[in-house]
Amino acid sequence: MNLKTLSLGVVLASFVLSGCSSITMLRTKEMRAVGDDVIAKNDSAYKALSAENAALRAELDSVKAQLDASAVAQKRLQAEVTVLSNRMSEETVRRDTRQEEIIYRLDLLLGKSDKILAKKVVVNNGVASAVMEPDANAEKMIEAETMFNAAHSDYHRGEYKLAYNGFKQVYELVKKGEMAEGALYWMSLCLMEANQPAKAKTLLTNLVDSNPQGMKACSGMFKLATIYGNECNLDRKKQYLQMILSNNTCASTPELEQAAISLQEMLDFKSPDGRSATEICREQMR
C-alpha cells in the first residue's frame, strides 16, 4: 500500500464520519423538536383542564352558597311563622277572654237588674201603696261591677299595678261567686305582666283548687301550664294540660284546643342528640 492509497482511505473515512455525525445531529434536533411539541401540547391540555376544574369548582361553590342561603331563608321563614302563630294564639286568647268578660258583665247586669230595687208595701191612711227600697246586695254588686270595669280598663292600658289593686278591691268586696273568680284571675294576669310569676301561680292555684268547675278554671289551668313551662317544669305543665282535657267544663272553651296542641307537641318532641326537653329548656334559660 503506497502513501497515495492510504491518504485516499483517510479522506474517505473522514467523509463517512462527517456524514454520520451530521445525520446524528439532525436526528437529535428532530427528537428535541418532537419532545418540545409533546411537552407544549401536554402543558396546554393541563392548563385547559385546570381552568375547567377551576370553573367547575366555582360553580359548585356558587351552588353551595345558594343552598346555604336558601336554608337560612327557610329557617328564618319558619321562625317568622312560629312568631306569627304565637301572636295569633295570644291575640285569640286575649279576644276570647275579653268576650267572656263582656258576656259575663251583660249576664250580671241582666240578672241583677230586677234586684236593684225591692218592692215594699206600706199603708198610708188605709191605702196600700208600693214603694221601692234599695237592695243592699244589689248595690254591692253594682259597686263591684263598676270597680271591675275600671280595673279591666286599667289593665288594657298597661296600668297593671292600678288594675291589680282594683281587682283586689272587687275580690275583697264580693268574696265569692263568678265575679270573685274573675277578679282573682285578672289579679294573676296583672302579676304575670309585672314579672311576678310565683305570686301569680299562687293565686291561680287557689282559683283552680277552690273551684275546678268554675268560670275561670280552664283559663287558670292553662295559665298555670304556661308558667310551669316557662320555668322548665314540664311535668307540671303536662299535668295541667291533661287536667284541661279531662275537665268537662273546658269542653267548649278555646283552652281545650290549645291544651291539646301543646300536649301533642310535648309528646312528639324528640331531640337529635338524645337530650330531654327539660334539659334543652334549662340550657336555653341560662
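The expected span of a helix is taken here as 1.5 Å times one less than its number of residues, and this is the yardstick applied below to one helix of the chain. The model is a predicted one.

For helix 3, which covers residues 160–174 and so has 15 residues, that rule gives a span of 21 Å, and the C-alpha atoms at its two ends do lie 21 Å apart, in agreement with the expectation. The residues of this helix that count as buried are A163, G166, F167, V170 and V174. Because these buried residues fall within an arc of 95 degrees when the helix is viewed down its axis, they line one face of helix 3. The general background is that an α-helix has 3.6 residues a turn, so residues three or four places apart point the same way. Directly after helix 3 comes K175, a residue with a positive phi, near 70 degrees.

The partner to consider next is helix 4, whose axis lies 8 Å from that of helix 3, the two packing at an angle of about 155 degrees. Since angles over 145 degrees count as roughly antiparallel, helix 3 and helix 4 are therefore assigned to that class, and their crossing is left-handed. On the side of helix 3 the contact is formed by Y160, A163, Y164, F167, K168, V170, Y171 and V174, which meet M179, A180, A183, L184, W186, M187, C190, L191 and E193 of helix 4. Among these, A163, F167, V170 and V174 also belong to the buried residues of helix 3.

Helix 4, residues 178–193, in turn packs with helix 5, residues 197–210: their axes come within 8 Å and cross at roughly 160 degrees. These two helices are therefore also roughly antiparallel to each other, and helix 4 passes helix 5 in a left-handed crossing. Here helix 4 contributes E181, L184, Y185, M187, S188, L191 and M192, while helix 5 contributes P197, K199, A200, L203, L204 and L207. Of the helix 4 residues in this contact, L184, M187 and L191 take part in the contact with helix 3 as well.

These helices belong to a chain with nine helices and two strands, whose elements, read from the N terminus, follow the order α-β-β-α-α-α-α-α-α-α-α. Of the 286 residues in the chain, 24% are buried. Among the contacts in the chain with a separation of 6 or more, 50% join residues that are 24 or more positions apart.

Key
Residues are numbered from 1 along each chain as its sequence is written. This is a predicted model: local features need pLDDT of at least 70, side-chain atom pairs count only at pLDDT 80 or more; totals for chains, interfaces and linings use all residues. Side-chain values use heavy atoms; hydrogens and water are left out. Buried means under 20% relative accessible area, exposed over 50%, partly exposed in between (1.4 Å probe, protein chains only). The arc is that of the directions from the helix axis to the C-beta atoms. Axes are lines fitted to C-alpha atoms, for helices over the stretch in contact, and angles run from 0 to 180 degrees between N-to-C directions. Angles under 35 degrees count as roughly parallel, over 145 as roughly antiparallel, 65 to 115 as roughly perpendicular and the rest as oblique. A crossing is left-handed if the near helix is turned anticlockwise from the far one by less than a right angle, and right-handed if clockwise. Contact means heavy atoms within 4.5 Å.
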